[in-house]
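I opened my notebook to go through this structure step by step. Here is what I looked up, in the order I looked it up.

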Amino acid sequence: MSEWITAVLLLLGASLMLLAAVGLLRMPDLLTRMHAATKAGALGAGLMVSALAIYFAEGEVVARAVAIVAFIVLTAPIAAHMVGRAAYVVGVPLWEHSVKDELQGRYDIHSHTLHGGREKDSGGH
């Protein structure tokens, strides 16, 4: 039974990793590529490591698998956020069909400060 669960988890993980790779190739700009790579890639890697933990079913392997999955889940969104912020700061253009740029008019590229909007309301009076 554990072989079937392992096989299903490996296939799902590999499919998500393939989906992440296709997203990297097909998405139009850096931010959308980053989105595809982090979400599908992290979930795919987590499923594959979980499959290994189920297959071997030893305490040491399971502990390492849990640590690996926790590390991936904790670091992938932070890394994606930092890459996206760096791309925005250096001026990487958004896709021409992007609907929303929440930082437009709020980020000063010269002083590298982000204004939240409340500063203008309270400072203007």
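Which helix does Thr 6 lie in? I found Thr 6 in helix 1. Before going further, I noted that this is a predicted model.

**Entry 1: confidence**

I checked how far the predictor trusts its own work. The mean pLDDT of the protein is 86, and 93% of the residues reach 70 or more. Helix 1 has the highest confidence, at a mean of 94. Confidence is lowest in helix 4, residues 118-123, where the mean is 56. I will read helix 4 with that mean of 56 in mind.

**Entry 2: helix 1 and Thr 6**

Back to my starting residue. Is Thr 6 buried or exposed? Its relative accessible area is 6%, under the 20% cut-off, so Thr 6 counts as buried. I then listed what Thr 6 touches, leaving out residues up to four places away in sequence: Ala 51, Ile 54 and Tyr 55.

Thr 6 shares its buried status with Leu 9, Gly 13, Ala 20 and Gly 23 of helix 1. I asked what covers these buried residues, and the cover includes helix 2.

I also checked the length of helix 1. With 25 residues at 1.5 Å a residue, helix 1 should span 36 Å, and its end C-alpha atoms are 36 Å apart, so the two agree.

**Entry 3: helix 2**

Next I ran the length check on helix 2. Its 27 residues should span 39 Å, and the end C-alpha atoms are 38 Å apart, which agrees.

Which residues of helix 2 are buried? I wrote down Met 34, Ala 36, Ala 40, Gly 41, Ala 42, Gly 44, Ala 45, Gly 46, Leu 47, Val 49, Ala 51 and Ala 53. Among them, Ala 51 had already turned up as a contact of Thr 6. The cover over the buried residues of helix 2 includes helix 1 and helix 3.

I picked two residues of helix 2 for a closer look. Gly 46 is in helix 2, and it counts as buried because its relative accessibility is 10%. I looked up one long-range distance here: the C-alpha atoms of Gly 46 and Lys 100 are 31 Å apart, with their positions 54 residues apart along the chain.

Leu 43 is also found in helix 2. Its relative accessible area is 48%, so Leu 43 is partly exposed. From Leu 43 to Val 69, 26 residues apart along the chain, the C-alpha separation is 9.0 Å.

**Entry 4: Asp 29 in its loop**

Where is Asp 29 placed? I found Asp 29 in the loop between helix 1 (2-26) and helix 2 (30-56). Asp 29 is buried yet has no salt bridge. The nearest side chain of opposite charge is that of Arg 33, 6.6 Å away.

So what does the side chain of Asp 29 meet? I noted a polar contact with the side chain of Thr 32 at 2.5 Å. The Asp 29 side chain also reaches the backbone nitrogen of Trp 95 at 3.0 Å. Setting aside neighbours within four places in sequence, Asp 29 is in contact with Pro 93, Leu 94, Trp 95 and Ser 98.

**Entry 5: Ala 57 and its phi**

Which sign does the phi of Ala 57 take? Ala 57 has a positive phi of about 50°, although it is not a glycine. I flagged this, as most residues other than glycine have a negative phi. Ala 57 comes just after helix 2, in the loop between helix 2 and helix 3. With a relative accessible area of 59%, Ala 57 is exposed.

**Entry 6: helix 3**

How many salt bridges does the structure hold? I found 1. The side chains of Arg 64 and Glu 60 form it, at 3.2 Å from N to O. Both residues lie in helix 3 (residues 59-90), 4 residues apart, about one turn of the helix. An α-helix has 3.6 residues a turn, so residues three or four places apart point the same way. Arg 64 and Glu 60 are both exposed.

My last stop was Leu 74, also in helix 3. Leu 74 counts as exposed, at 58% relative accessibility. The C-alpha atoms of Leu 74 and Ala 42 are separated by 9.9 Å, and the two residues are 32 apart along the chain.

Terms used. Residues numbered from 1 in each chain as written. Predicted model: local features only at pLDDT ≥ 70, side-chain atom pairs only at ≥ 80, totals over all residues. Heavy atoms only, no water. Salt bridge = Lys/Arg side-chain N within 4 Å of Asp/Glu carboxyl O. Helix = DSSP H or I, 4+ residues; strand = E, 2+ residues; numbered from the N terminus. Buried < 20%, exposed > 50% of the residue type's maximum accessible area, 1.4 Å probe, protein only. Lys, Arg positive; Asp, Glu negative; His and termini not counted. Polar contact = N/O pair within 3.5 Å; in protein donor to acceptor, adjacent residues only side chain to side chain. Contact = heavy atoms within 4.5 Å. pLDDT = per-residue confidence, 0-100. Expected span 1.5 Å × (residues − 1).
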